[in-house]
There are 2 protein chains.
Amino acid sequence: MVRAGLTPERLTLAGAELADEVGFDQVTVSALARRFDVKVASLYSHLKNSQDLKTRIALFALEELADRVADALAGRAGKDALAAFADAYRDYAREHPGRYAAARLRLDPETAAASAGVRHAQMARALLRGYDLPEPDQTHAVRMLGSVFHGYVSLELAGGFEHSAPGAEESWAWVVDSLDSLLRNRTAR
Amino acid sequence: MVRAGLTPERLTLAGAELADEVGFDQVTVSALARRFDVKVASLYSHLKNSQDLKTRIALFALEELADRVADALAGRAGKDALAAFADAYRDYAREHPGRYAAARLRLDPETAAASAGVRHAQMARALLRGYDLPEPDQTHAVRMLGSVFHGYVSLELAGGFEHSAPGAEESWAWVVDSLDSLLRNRTAR
DNA sequence: CTAGTTTGCCTATAAGCTTTAGGCAAAAGC
DNA sequence: GCTTTTGCCTAAAGCTTATAGGCAAACTAG
């Protein structure tokens, strides 16, 4: 019989695609095996277990998202950078809802410290340099940006803005604009 | 044999408690049956299925949280009301992480329309009356508040603020303060 | 190029969760 | 007290995770 050519990397990528299609919490070792037309047990040579698969997908998504954000940020500053950062985040979540959900998986501290999550934090700080905030305000601001972006995207994906006007797009612009003026104000104090 | 006295209400409450103990996504019909020392099949006379259980817990949590927010808001206005609203939200999530997660379950439109989710939206709008925003800004602001509160709480629960200074408490105060001044500024325009 | 080793996917199996069908006894109604 | 209703039961099937052990394909050496 011909071998399927399974590797942790291919399984992770396929898992990410599966997550986007059916939702991250519907990603199972069984479903992944079906997708490769292979018996379930075969995957356990490449993955420790189901949790391992999910962690790999999460790390993959964190990397991919960090790359996108980095691209978006390149050569921009101030409000322009803020909007690019925000959009990169939101667009990724809308294009890849399953991967986005994966990126929110709680990782154990060591795994998190070695993940692209670190880059995310660094980029947020780089972005905020344009607003010249003293500590601890900068940290507060990093947390606020993370909260707003994650919160908005998560409510939007959950369909929270679907059944009312104005559209999610307009509110997003308003929110980004508000954050910009907020940060500029905080600088001035 | 003595009957256990199962009802949908008791099962929902026990399910909420279970969610707080082990996490909302670990709530299973099996675990609930164990908790009542009853066979699994017995629960299916009271619950349509596993999804039904989760929906009931979600609706319960939405009600409970709405009650708390209403209490917190009573007799307050302006920044005082904003802080009370924010704290009610965050405190509930920290006391009842499982119920909080349940409250974020995606409901089908009809169920959502009949849920306490409606009250949440109304209270947010009531809160914002103190800032005197014209439409569509008020809607944008409702969405922003929801995003920030949900985002912050969700990141905090996920342990995102655990391994760095300053504490989550201080950033929360900063965020609430920022939102207040942001909203006051928006009014002035 | 063939013999030995490693590797990859297999079958078999067990245990847990969901859900349905049908049974029997406790509680409620008359 | 007798009947009806209700509540929890056993049984069973299908799906998931996970482990153990087998056989053949692919690599590695001589």
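This briefing covers how two protein chains touch each other and how they meet a DNA strand. The model is predicted. Chain A and chain B bury about 3200 Å² between them. DNA strand C is surrounded by 21 residues.

**Chain A with chain B**

- Each side has its count: 41 residues from chain A and 41 residues from chain B take part in the contact.
- His140(A), Arg143(A) and Trp174(A) lose the most area to chain B on the chain A side, together 25% of what that side buries.
- Carbon and sulfur atoms carry 59% of the area buried between the two chains.
- Four salt bridges cross the interface.
- One of them joins Glu162(A) to Arg106(B), with the closest N and O atoms 3.4 Å apart.
- Polar contacts link 28 residue pairs between chain A and chain B.
- Helix H9 (137-157) and helix H10 (168-188) of chain A each supply at least two residues to the side that touches chain B.
- H9(A) gives the largest share of that side, 15 residues.
- By class, that side of chain A holds 17 nonpolar, 15 polar and nine charged residues.

**Protein with DNA strand C**

- The closest residues are Arg3(A), Lys39(A), Ser42(A), Tyr44(B) and Ser50(B).
- Of the strand's atoms within 4 Å of the protein, 65% belong to sugar and phosphate.
- The side chain of Ser42(A) places an N or O atom 2.5 Å from a phosphate oxygen of the strand.
- Polar backbone atoms also face phosphate oxygens, at 2.8 Å for Gly5(A) and 3.2 Å for Val29(B).
- H2(B) gives the most to the surface near the strand, with three residues.
- That surface has nine nonpolar, eight polar and four charged residues.

Notes: Residues numbered from 1 in each chain as written. Chains lettered and ligands numbered in written order. Predicted model: local features only at pLDDT ≥ 70, side-chain atom pairs only at ≥ 80, totals over all residues. Heavy atoms only, no water. Contact = heavy atoms within 4.5 Å. Buried area = accessible area lost by both parts, 1.4 Å probe. Salt bridge = Lys/Arg side-chain N within 4 Å of Asp/Glu carboxyl O. Polar contact = N/O pair within 3.5 Å; in protein donor to acceptor, adjacent residues only side chain to side chain. Helix = DSSP H or I, 4+ residues; strand = E, 2+ residues; numbered from the N terminus. Nonpolar A, V, L, I, M, F, W, Y, C, P; charged D, E, K, R; others polar. Near = heavy atom within 4 Å.
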